[in-house]
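Me: I am new to this structure and would like a close look at one part of it, set against the rest of the chain. Please keep the account plain.

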Amino acid sequence: MHETGNLCEACDKSKIMYYREYCPRCEEPRIKTMDYYNLLECLYYIEATGHPGFKAKFWEMLIDLTSFTNESTVELWNDIDGSNPLLKELFDKMGIKDTTMTFEISW
Ligand SMILES: [Zn+2]
């Protein structure tokens, strides 16, 4: 999970290395299976596409909300009434229409 210094051919900014080298601005997070999103890829994507600091804020909120370890999954709820704007933004940005979604956490 760090910037590699290699530049993306599309946007000319640094790619990051997280299992594979990729550009968080130009490549949307992949759904790993039909049911799971990789949470960190989602956070990098949201941060890189217009919400600086999102990853750190979301991470702090998540630590308050639940306990998790590397290679675990968490089920998160879309916050329809907007009382948790971070959760709402995650679901909105990822285009998730379901009320809940399981996210894989691995680093
Ligand atoms: Zn790019």
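Which strands form the open sheet, in what order, and what is the pairing? Please start from there and go on to what packs on the sheet.

Reply: The model is a predicted one. The open sheet consists of three strands in the order β4-β6-β5, and its pairing is mixed. β4 and β5, the latter at residues 72–77, stand at the edges with a single partner strand each, so one side of each has no neighbour in the sheet. Direction ignored, neighbouring strands here are turned against each other by 35° on average.

In general, the strands of a sheet pair through backbone hydrogen bonds, either parallel or antiparallel. β5 and β6 pair in the antiparallel sense, over six bridges. As a detail of the sheet, Leu 76 stands opposite Met 101 in β6.

The element that packs on this sheet is α1, which touches β4 and β6; the direction of α1 makes about 55° with that of β4. Helix α1 spans residues 39–48 and is mostly covered, with eight of its 10 residues buried. A residue counts as buried if 20 or more other C-beta atoms lie within 10 Å of its own. Those that are buried in α1 are Leu 39, Leu 40, Glu 41, Cys 42, Leu 43, Tyr 44, Tyr 45 and Ile 46. For the chain as a whole, 19% of the 107 residues count as buried.

What lies over the buried residues of α1? The cover includes the strands β2 (14–18), β4 (36–38) and β6 (100–105), together with the helices α2 (54–65) and α3 (85–93). After α1 comes Gly 50, which has a positive phi, near 120°.

Of the helices in that cover, take α2. The axes of α1 and α2 come within 8 Å and cross at roughly 140°. That crossing makes α1 oblique to α2. On the α1 side the contact is made by Leu 43, Tyr 44, Ile 46 and Glu 47, and on the α2 side by Phe 54, Lys 55 and Phe 58. By kind, the residues of the contact of α1 with α2 divide into five nonpolar, two charged and no polar.

Ala 56 also lies in α2. Is it buried or exposed? Ala 56 is exposed, because 11 other C-beta atoms lie within 10 Å, and a residue with 12 or fewer counts as exposed. The C-alpha atoms of Ala 56 and Ser 106 are separated by 16 Å, while the two residues are 50 residues apart along the chain.

β2, named above in the cover of α1, has a partner of its own. Three bridges join β2 to β3 (residues 20–22), and the two run antiparallel. β2 and β3 form a hairpin with one residue between them, and Tyr 19 in the turn has a positive phi of about 65°. Tyr 18 stands opposite Arg 20 in β3.

Now for the whole chain. It has three helices and six strands, and from the N terminus on they run β-β-β-β-α-α-β-α-β. Among contacts with a separation of 6 or more, residues 24 or more positions apart account for 41%. The C-alpha atoms fill a box of roughly 40 × 25 × 25 Å along the principal axes. The radius of gyration is 14 Å, which agrees with the value near 13 Å for a compact globule of 107 residues.

Definitions and conventions
Residues numbered from 1 in each chain as written. Predicted model: local features only at pLDDT ≥ 70, side-chain atom pairs only at ≥ 80, totals over all residues. Helix = DSSP H or I, 4+ residues; strand = E, 2+ residues; numbered from the N terminus. Contact = placed C-beta atoms within 7 Å. Rg over C-alpha atoms; globule rule 2.2 N^0.38 Å. Axes fitted to C-alpha atoms, helices over the stretch in contact; angles between N-to-C directions. Parallel < 35°, antiparallel > 145°, perpendicular 65-115°, else oblique. Nonpolar A, V, L, I, M, F, W, Y, C, P; charged D, E, K, R; others polar. Pairing = 2+ DSSP bridges.
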